[in-house]
Amino acid sequence: MNQYKYTINGNKYEVVVGDITDNIATLTVNGEEFKVEMEKQAEPEKKKPVVRPAAAVADDAPAADKGAVNKANAVKAPLPGVITDILVEVGQEVQAGDNVIVLEAMKMANNLQAEKSGKVTAICVKIGESVMEDDALVVIE
């Protein structure tokens, strides 16, 4: 039970907050009891994640190559983390130093860059995926 004293426009009020059941509160104001309906708190709006499908290997690659991506030419994860953004698409030309992936690790966003110039031939991960150190992320040939 909480007691409050208010002065509004020179009028004094003594308010006692009694039981609260669901959204109905029992208030006593200057000795007179009231049942007060409180507004329900709005539930916080849930943000919907934006998901973009990950492309595996360029469609023009031979069928034998699709399962055997050359991961020697891949940008690899420097540490374990979660992929938060993919900044390139299969077939896109990139220059050495271009950002290709954003990896969140230890609550920090890390922009991973292409180590060499070339064409993106495969994206080996998708947004939201957890990766381990040295996992191939994007293959650039």
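How many bridges pair strand S2 (residues 11-21) with strand S3 (residues 24-29), and in which sense do the two strands pair? The two strands pair over five bridges, in the antiparallel sense. The views below are taken from a predicted model.

**View 1. Overall composition of the protein.** The protein comprises one helix and twelve strands. Along the sequence, the elements follow the pattern β-β-β-β-α-β-β-β-β-β-β-β-β. The protein has 141 residues, of which 26% count as buried.

**View 2. The open sheet formed by S1, S2, S3 and S4.** Four strands make up this open sheet, with the order S1-S2-S3-S4 and antiparallel pairing. Strand S1 (2-8) and strand S4 (32-37) are the edge strands, each of which pairs on one side only. On average, and with direction ignored, neighbouring strands of the sheet are turned by 30° against each other. In general, the strands of a sheet pair through backbone hydrogen bonds, in either a parallel or an antiparallel arrangement.

**View 3. The hairpin of S2 and S3.** The antiparallel pairing of S2 with S3 rests on five bridges. Two residue pairs can be followed in this view. Val 15 stands opposite Val 29 in S3, and Val 16 has Thr 28 as its bridge partner in S3. In a regular strand, side chains alternate between the two faces of the sheet. Between the two strands of the hairpin lie two residues, and Asp 22 adopts a positive phi near 55° there.

**View 4. The hairpin of S3 and S4.** Strands S3 and S4 run antiparallel and are joined by six bridges. Thr 28, which is the bridge partner of Val 16, has Glu 33 as its bridge partner in S4. Thr 28 thus appears in both views of this part of the sheet, with Val 16 and with Glu 33. The hairpin has two residues between its strands.

**View 5. Asn 30 in the turn between S3 and S4.** Asn 30 lies in the loop that links S3 and S4. What is the sign of phi at Asn 30, and about how many degrees does phi reach? Phi at Asn 30 is positive, at about 50°, although the residue is not a glycine. Is Asn 30 buried or exposed? The relative accessibility of Asn 30 is 45%, so the residue falls between the two classes and counts as partly exposed.

**View 6. The aromatic pair of Tyr 4 and Tyr 6.** The count of aromatic pairs comes to one. The ring centres of Tyr 4 and Tyr 6 are 6.2 Å apart and the ring planes stand at 25°; the pair is therefore stacked, planes under 30 degrees apart being counted in that class. A pair of aromatic rings is described by the distance between the centres and the angle between the planes. Tyr 4 is found in strand S1.

**View 7. The nonpolar surface patch of Tyr 4, Tyr 6 and Ile 8.** Which residues form a nonpolar patch on the surface? The patch consists of Tyr 4, Tyr 6 and Ile 8, which together have about 290 Å² of accessible area. With a relative accessible area of 36%, Tyr 4 is partly exposed. Tyr 6 also counts as partly exposed, at 40% relative accessibility.

**View 8. The hairpin of S8 and S9.** Strands S8 and S9 run antiparallel, joined by six bridges. Leu 103 has Asn 110 as its bridge partner in S9. Two residues lie between the strands of this hairpin, in which Met 106 takes a positive phi near 55°.

**View 9. Met 106 and its surroundings.** Met 106 is found in the loop between strand S8 (99-105) and strand S9 (108-113). Why does Met 106 count as exposed? Met 106 counts as exposed because its relative accessibility is 72%, and the class begins over 50%. The C-alpha atoms of Met 106 and Pro 80 are separated by 8.8 Å, while the two residues are 26 residues apart along the chain.

**View 10. Asp 134 in the loop between S11 and S12.** The loop between strand S11 (130-131) and strand S12 (136-140) contains Asp 134. Although Asp 134 is not a glycine, its phi is positive, at about 75°. At 54% relative accessibility, Asp 134 counts as exposed.

Key
Residues numbered from 1 in each chain as written. Predicted model: local features only at pLDDT ≥ 70, side-chain atom pairs only at ≥ 80, totals over all residues. Heavy atoms only, no water. Pairing = 2+ DSSP bridges. Axes fitted to C-alpha atoms, helices over the stretch in contact; angles between N-to-C directions. Phe/Tyr/Trp six-rings, centres within 6.5 Å; stacked < 30°, edge-to-face > 60°. Buried < 20%, exposed > 50% of the residue type's maximum accessible area, 1.4 Å probe, protein only. Patch = residues over 30% accessible without salt bridge, like charges linked within 9 Å, V, L, I, M, F, W, Y side chains within 5 Å. Areas by Shrake-Rupley, 256 points an atom, 1.4 Å probe, with all protein chains shown as cover. Salt bridge = Lys/Arg side-chain N within 4 Å of Asp/Glu carboxyl O.
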